[in-house]
Amino acid sequence: MTAVPKHDSSRARKSKADESTEHRHVAIMDTTLRDGEQTPNVSYTPAEKLQLARMLLIDVEVDRIEMASTRVSAGELEAAQTITKWARKERLIQRVEMLGYTDGKKSVDWICGAGGKVLNLLTKGSERHCLEQLGLSPEEHRAKISETIRYARRKRLTVNVYLEDWSSGVRDSFDYVFAMVQALRELRVARVYLADTLGTFSPGDVQRYVGLMTATWPAVDFEYHGHNDYGLATANCLAAIQAGARGVHTSVNGMGERAGNTSLAEVVAALHDHSEARTAIREDRLTALASMVETFSGKELAANTPIVGRDVYTQTAGIHADGDAKGDLYATRLAPIRFGGARRYALGKLSGKASLDHNLEAMGIALPDVDRDLVLARIVELGDKKHIVTPDDLPYLIADVLKTPEDQLVKIERYRVDVASGEAPQAQVSLAYKGIIEKAEASGDGGYDAFMNALKKAAKALSIEVPILADYRVRIPPGGRTGALVETTITWRIEEQAPSGKTSGRPSARRKAGETFSTLGVDSDQLAAAIIATEKMLNAVVTRRSGTKSKRAAPARRRASDARPRSGG
């Protein structure tokens, strides 16, 4: 087999990967831009293909990429010309491959016109495909292969050969495969690609049949091309390498037909951690590459995707966060920083103090134990309601909890707000104070206005003065999630002059007319957040009237308040 020239400067990491003699280098050929583009409803623009080619070859340092199929469209030709022009300037042109067919001169001329230097020739690796799809005898097919390869050589192209449906062929018609490989050896192709086109093999099958190929032709550069129909693509690649294959084919995020191709990130991590083989891949760039392909393809990456999914480095159970805090007890070789990610600790009903502490520490917030416990209780309460709590929500929750009276004298027991087109909003409220529950209903110009009108009726019956709403502001964390927590801050203004005098032996704490104060509510529903803030207002009013004080220590309150991050409005 002929050797393929390699770009010297970009292979620096190969020597690092091969520091130890027991580690053999495994080539990674990534086909995101060719086979991966066969994912349903995916099509990259020439500019997107160029950007991905740059990331794959220079940033991530895959050995080679496959980036086009010949004679597909004018857009495919434009993309190929754009990439080959760039690759020639970067001295990477021998690492850019294109798929062609046994069509004599047509595919070869297309590649030459696109500026390419490497042809990946698609041939039939099973006798059934040869006879039934092409309608050719094996001898006729081999003659066409020879014709195409000899013409490609005259055009100075390097030729690799795909054995399409090889997995069926090697199992059902090995004589056919034997004759094919013997012919390819005589034609001196660079590499032979063993394709499990329909993804039917198990790791045991791969070990057996790739082993048969490498034992029969030890001098041939065989590479394994797998598909993920049984979810076994990564395991099959490991088996292929153990059986002597010198390279494997991947695509970013496992893009490809049906269940997709072998995932680049999964294969690299598995090879490095579960075999003696090494690749030249920069692992710390894999997450960024996965995100780029996700954006360009429009195919959202599952949150639990191994290695590069957004949830795979998130600890949800509090016991895991506690173990990490006490000595990285739940850490593995799959460290997030290794792949360009970061460890996160989820906030929800399964969270413990350690999960909250990790997030507080990351945000530079220090809470006294009593306040931290209150915040944790609120997180668990929201989790039970199936509300998602993110670190972005945390400042809002802290502000909400720390401004909640410990002794809740007034409680909105129940409310209902009905809003419909063409009808005035209606609200019903049940308000509890000193063991008495007062119910009222009213209409209004909006849902919250109707609620306030009903609330004022119930509050008046309980002799609670409701101040005037002076300002109403809503904020949500960045990111635009429809299920994000909402922070509602309402400013209230005292309507009447408060009389002087003493209450319970202390000077009256009532506010003066015209004075304002604010309350805050947090919930995933905007109206519910406003009602929480309103309930706090009622408690502030009756607390001031009776002169009671919160049981929470003032110094602790000041420390927690000072620690709260300040967010923009």
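Biologist: Against which elements do the buried residues of α10 pack?

Modeller: This is a predicted model. In it, α10 is mostly covered, with 8 of its 10 residues buried. Among the buried ones are Ala-233, Cys-237 and Ile-241. The elements against which the buried residues of α10 pack are α9, β7, β8 and α11 (264-274).

Biologist: Which handedness does the β-α-β crossover from β7 through helix α10 to β8 have?

Modeller: β7 and β8 run parallel and are joined by 2 bridges. Within this pair, Tyr-224 stands opposite Val-248 in β8. Between the two strands the chain passes through helix α10 (residues 233-242), and the crossover is right-handed.

Biologist: What is the order of the 8 strands that close into a barrel?

Modeller: The pairing in this barrel is parallel. Neighbouring strands of the sheet are turned against each other by 30 degrees on average, with direction ignored. The strand order is β1-β2-β3-β4-β5-β6-β7-β8.

Biologist: How many bridges pair β1 with β8?

Modeller: β1 also has β2 (residues 64-69) beside it, joined to β1 (residues 27-30) by 2 bridges. On that side, Met-29 has Arg-64 in β2 as its bridge partner. Towards β8, Asp-30 stands opposite Thr-250. β1 and β8 pair in the parallel sense, and the number of bridges is 4.

Biologist: Which residues of strand β8 point the other way from Gly-247 and His-249?

Modeller: In a regular strand the side chains alternate between the two faces of the sheet. Strand β8 covers residues 247-250, and Gly-247 and His-249 point one way from it. All the residues named here are buried, and those pointing the other way are Val-248 and Thr-250.

Biologist: About what angle does the direction of helix α9 make with that of β7?

Modeller: Helix α9 (residues 203-216) packs on the barrel sheet. There α9 touches β6 (191-195) and β7 (222-225). The angle between the directions of α9 and β7 is about 155 degrees.

Biologist: Is Thr-214 buried or exposed?

Modeller: Thr-214 is found in helix α9. Leaving aside residues up to four places away in sequence, Thr-214 touches Phe-222, Ala-243, Gly-244 and Ala-245. The cut-off for buried is under 20% relative accessible area. Thr-214 has 16% relative accessibility, so Thr-214 counts as buried.

Biologist: What distance separates the C-alpha atoms of Thr-214 and Gly-244?

Modeller: Gly-244 comes just after α10 and takes a positive phi of about 110 degrees. Along the chain, Thr-214 and Gly-244 are 30 residues apart. Their C-alpha atoms are separated by 6.0 Å.

Biologist: Which backbone oxygen does the side chain of Thr-214 reach?

Modeller: The side chain of Thr-214, a residue of helix α9, makes this approach at 3.2 Å. The backbone oxygen it reaches is that of Gly-211.

Biologist: Which strands stand at the edges of the open sheet of 3 strands?

Modeller: The open sheet has the order β11-β12-β13, with antiparallel pairing. Each edge strand has a single partner strand, so one side of each is left without a neighbour in the sheet. The edge strands are β11 (410-418) and β13 (436-443).

Biologist: How many bridges pair strand β12 with β13?

Modeller: Neighbouring strands of the open sheet are turned by 15 degrees against each other on average, direction ignored. In this pair, Ala-432 stands opposite Ile-437 in β13. Strand β12 (residues 426-433) and β13 pair in the antiparallel sense, and the number of bridges is 8.

Biologist: Which helix packs on the sheet and touches β11, β12 and β13?

Modeller: The direction of this helix makes about 140 degrees with that of β13. The helix covers residues 447-461 and is α17.

Biologist: What relative accessible area does Asn-539 have?

Modeller: Asn-539 lies in helix α18 (residues 526-546). The side chain of Asn-539 reaches the backbone oxygen of Glu-535 at 2.9 Å. Asn-539 is buried, and its relative accessible area is 1%.

Biologist: What share of the 569 residues in the protein is buried?

Modeller: The secondary structure of the protein comes to 19 helices and 18 strands. Of the contacts with a separation of 6 or more, 69% are between residues 24 or more positions apart. The buried share of the residues is 51%.

Key
Residues numbered from 1 in each chain as written. Predicted model: local features only at pLDDT ≥ 70, side-chain atom pairs only at ≥ 80, totals over all residues. Heavy atoms only, no water. Pairing = 2+ DSSP bridges. Axes fitted to C-alpha atoms, helices over the stretch in contact; angles between N-to-C directions. Contact = heavy atoms within 4.5 Å. Buried < 20%, exposed > 50% of the residue type's maximum accessible area, 1.4 Å probe, protein only. Polar contact = N/O pair within 3.5 Å; in protein donor to acceptor, adjacent residues only side chain to side chain. Right-handed = clockwise from strand over helix to strand, strands pointing away.
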